[in-house]
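Student: Could you take me through the aromatic ring pairs in this model and the nonpolar core around them?

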Amino acid sequence: MATLRDLKGRIGSVSSSEKITGAMKMISSAKMNKAVRDIKRLLPFRNQLEAIIAHLLEADAQCVSPLTEEREVSHLTVVVAGSDDGLCGAYNLNIFKELLAHVNSIRESLPSASIRLIPVGSKMVKAVGKLSMDRVEVITDAPVNSKSTADEIKRFTQDLQRSFLAGETDRVDFIYMGFISPARQRIKCEQLLPVSAVEGDASAQGSQPYLFEPSADEIFAQALPLMLLSRVQEGFSENRASEQAARVMAMQSANDNASKLLEQLQLEYNKLRQQSITNELLDILGGQVK
């Protein structure tokens, strides 16, 4: 049976845990807001690039680029982004499940293709490192992680681009957790290379004719790598925001559980303390009667 001292110690421990989870929630919330601001800063740049490319595609000039070359897929690269830190609920597990489903789908549709997996984030590296499948290679020393800077992401994107242009890989897919709102995230699986058709709407920018200087083909060749980079940067930013949002929810859940447990322990402590006082009074009264 628990003693008053034991209960008091447990109450102190739970109270400390409640304060810690509350502080961690505030920190994660601040980090999430910063990542959301990064996403908002990237959107105008990406939208403008897509509008420019949409105008180019509507022009009479033939715009071609090696980055859009569709070829038979013999070697495929999958970049999967996770987290470097824990305490974010089932965040990494959900991404890993999506990765497994995607790999199995590739193995069914492209039975002869080899797959190279590039996990981002120590938690994802640890999970993916345990995979053992035929024609699946895991790269555990990626030059980026979930906290990488813009320059590191740029170099990583250029490495992917060089690998595609050199014929080392025929397609690059990117799996990450897309950010919708602090309470809602959705896993995304996008094809980075070859660059797919642009979704920008040129008509939304006006119907006036454009004069291109330098040539439309040169602008197209310069704009495509920038659009590829913007998509990768946006994916990393959304993944970072989603991680912090998941951590906020996890810390909120832990804080709520700690509060409930604290109430139960406090009630049990009060009952035990009242029972102790009652027993002492009964002992005093019994001594007086004697």
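Tutor: Happy to; here is a close look at the ring pairs and then at the core. This is a predicted model, in which local features need pLDDT of at least 70, side-chain atom pairs count only at pLDDT 80 or more, and totals for chains, interfaces and linings use all residues. Residues are numbered from 1 along each chain as its sequence is written, and side-chain values use heavy atoms, without hydrogens and water.

Rings of Phe, Tyr and Trp (its six-membered ring) pair if their centres lie within 6.5 Å; planes under 30 degrees apart are stacked, over 60 edge-to-face, and the rest tilted. By this rule there are 2 aromatic pairs. Phenylalanine 174 and tyrosine 176 have ring centres 4.8 Å apart and planes at 40°, so this pair is tilted. Phenylalanine 174 also forms a tilted pair with phenylalanine 236, at 5.9 Å centre to centre and 35° between the planes. That second pair links distant parts of the chain, 62 residues apart: phenylalanine 174 lies in strand E4 (residues 171–181) and phenylalanine 236 in helix H5 (residues 216–289). Helices (H or I, at least four residues) and strands (E, at least two) are DSSP runs, numbered from the N terminus.

Buried means under 20% relative accessible area, exposed over 50%, partly exposed in between (1.4 Å probe, protein chains only). Phenylalanine 174, at 1%, is buried, and phenylalanine 236 is buried at 3%.

A nonpolar core is a set of buried Ala, Val, Leu, Ile, Met, Phe, Trp, Tyr and Cys residues joined through side-chain atoms within 4.5 Å. The largest has 30 residues, and Phe174 and Phe236 are among those with the most contacts inside it. H5 gives the most to this core, with 9 residues.
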